[in-house]
Amino acid sequence: LLQSFTSADGLNRPSQIAFDEAQTLWVANRDANNVLRIRTDPMNKMVRTKLSGITAPRGIALDRDPATLDPVIYVADQTEVYRFRVYDTIHVDVKVLLPTLTTLAGGTTSQVEFEQRVRRDMDRAGDVLKQCRIDVVVDRVLFISDPNAGANGNNGTVLTSTAATLTPEESMLLGASRSLNDFAINVYYIHHYTVANPTPPPQTITTNVNGQAYTNDVFVGLPNGQTGIMLARFAAQIDGAALMGGAIDTTAAHELAHFLLNNYAGLGPGEHHGVGVCGTAGGPNRFFLMYMSGCGMRWTIEPAECTNMRTNGDESVYVEQF
C-alpha cells in the first residue's frame, strides 16, 4: 500500500475519480454532496473541497474550454450533468477590530451585520478576481480587541507612515491573531488611519484612507508574520473633521490584487493605473481595478496582471495551485 484516503480526509462514499494534467486526483464524493481535489504526494498530501452543494454526485470528467483553454470539470448526479470552471484559490483570514463597529458619531453596528459586510466585500473581490481564475475563500471572520488601544488612546485607529517602514502600531496589528495557515492572507478591518506628525494633531490621514497592502515589495524586509491587508471602515475628509464612507465596493479586491502582484508597474506609478478624483483625472484608467482612487467603477483587470498574480515567484505562493 502506497497511500490511503479515508473518511478522515472527508471522503464519504466516493463514486468516481479522475486525474488532471497535474496528476491531482478529483473525487465525486457522493454522500458528502461535493467534489474533492486531492494532492497525492505521500509526503505532502492536501485535500480541498472544490465544489459543493451538488446532490449526490456520481460521475466526474475533466476537460478544457476550447476558446480559453481554462480547465473545466463535468459532474453528474442522478438526473443532470453540470459544467464548472476550475479556479485556483486564495484563502483570507479576516480580523475585525471591535472599535470598528462604532462610528465617531456614536452609532454602532452589530457583529452579525458587520460580518455580512465583510463577506459581501470578499464576495465582490471573488467576483473580480475570477477574471484571473482566482477564487476567494473566507476561512473565518474573527472579532478582536484593538492591540494598539493602550498605545494610541483612540480605539480602532492605526498610525501609518508614508515611509517604507512599518510604524509600531502597524507592526503590532499585523502580528495579531494571525491564521495558522501560512498561506492565508491576513486581512484586518480597522476604524481609520492616522498620520504621523500632522498639523494640527490629531488628523486623520488623507491618503490610503480606504486600505493598504503590506508586502515585502514596498516594506522591504517585512517578515512573513507581518504581511497582510488593512481595510478602513471609514474614510477621512480632507480636514480630518469627519469620517464617512469607508472601504467600498472593489477596495478589498484592489488591496488583495496589490498583495498578490509582485512589483507590477502597470500603466502608472507603482501598481496603480492613475490617481485622481473618480470620473475625472486618470481618464479611462479609472475603470481599471488598480486605479488608485476608491471608485465604485473599478473593475477591469488586465491579462498581464492576472499572469503576474498567479505566477510571480513571490506572492503567488498565496494562490493555491497544486
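This report describes the fold, the nonpolar cores, the strand pairing and the ring interactions of one protein.

The structure is a predicted model, in which local features require pLDDT of at least 70 and side-chain atom pairs count only at pLDDT 80 or more, while totals for chains, interfaces and linings use all residues. Residues are numbered from 1 along each chain as its sequence is written, and side-chain values use heavy atoms, with hydrogens and water left out.

**Overall composition**

The protein contains 5 helices and 16 strands; these are DSSP runs numbered from the N terminus, with helices (H or I) of at least four residues and strands (E) of at least two. Of its 322 residues, 47% are buried, where buried means under 20% relative accessible area, exposed means over 50%, and partly exposed lies in between (1.4 Å probe, protein chains only). Contacts are defined by heavy atoms within 4.5 Å. Among contacts between residues at least 6 apart in sequence, 58% join residues at least 24 apart.

**Nonpolar cores**

A nonpolar core is a set of buried Ala, Val, Leu, Ile, Met, Phe, Trp, Tyr and Cys residues joined through side-chain atoms within 4.5 Å. The largest such core has 37 residues, and Met122 and Ile185 touch the most other members. Elements giving two or more residues to this core include strand 8 (88–97), helix 1 (111–129), strand 11 (184–190) and helix 4 (251–260). Leaving aside residues up to four places away in sequence, Met122 touches Val92, Val94, Val136, Val138, Val187, Tyr189, Leu231, Ala252 and Leu256. A second, separate core comprises 15 residues, among them Leu97, Leu174, Leu222 and Met230.

**Strand 11 and its partners**

In strand 11, 7 of 7 residues are buried. One side presents Ala184, Asn186, Tyr188 and Ile190 and the other Ile185, Val187 and Tyr189, and both faces are covered. Two strands are taken to pair if DSSP finds at least two bridges between them. Strand 8 and strand 11 run parallel and are joined by 6 bridges; Val94 has Val187 of strand 11 as its bridge partner. Strand 11 also pairs with strand 14 in the parallel sense, over 4 bridges, and here Tyr188 is matched with Met230 as its bridge partner in strand 14.

**A three-stranded sheet**

An open sheet of 3 strands follows the order 5-6-7 with antiparallel pairing. Its edge strands, strand 5 (59–64) and strand 7 (81–85), each pair on one side only. Strand 5 pairs with strand 6 (residues 71–76) in the antiparallel sense over 6 bridges, and Gly59 stands opposite Ala76 in strand 6.

**Ring interactions**

The whole structure holds 4 aromatic pairs. Rings of Phe, Tyr and Trp (its six-membered ring) pair if their centres lie within 6.5 Å; planes under 30 degrees apart count as stacked, over 60 as edge-to-face and the rest as tilted. Two of these pairs are tabulated.

| Pair | Centre to centre | Angle between planes | Class |
|---|---|---|---|
| Tyr214 and Phe219 | 5.1 Å | 25° | stacked |
| Phe259 and Tyr318 | 4.9 Å | 75° | edge-to-face |

Phe259 lies in helix 4 and Tyr318 in the segment after helix 5, so that the pair links distant parts of the chain, 59 residues apart. Phe259 and Tyr318 are both buried, and Tyr214 and Phe219 are buried as well.

Lysine side chains also meet rings; a charge sits over a ring if NZ of Lys or CZ of Arg is within 6 Å of the ring centre and within 35 degrees of the ring normal. The charged end of Lys95 sits over the ring of Tyr188, 4.9 Å from its centre, and Lys130 lies over the face of Tyr87, 5.3 Å from the ring centre.
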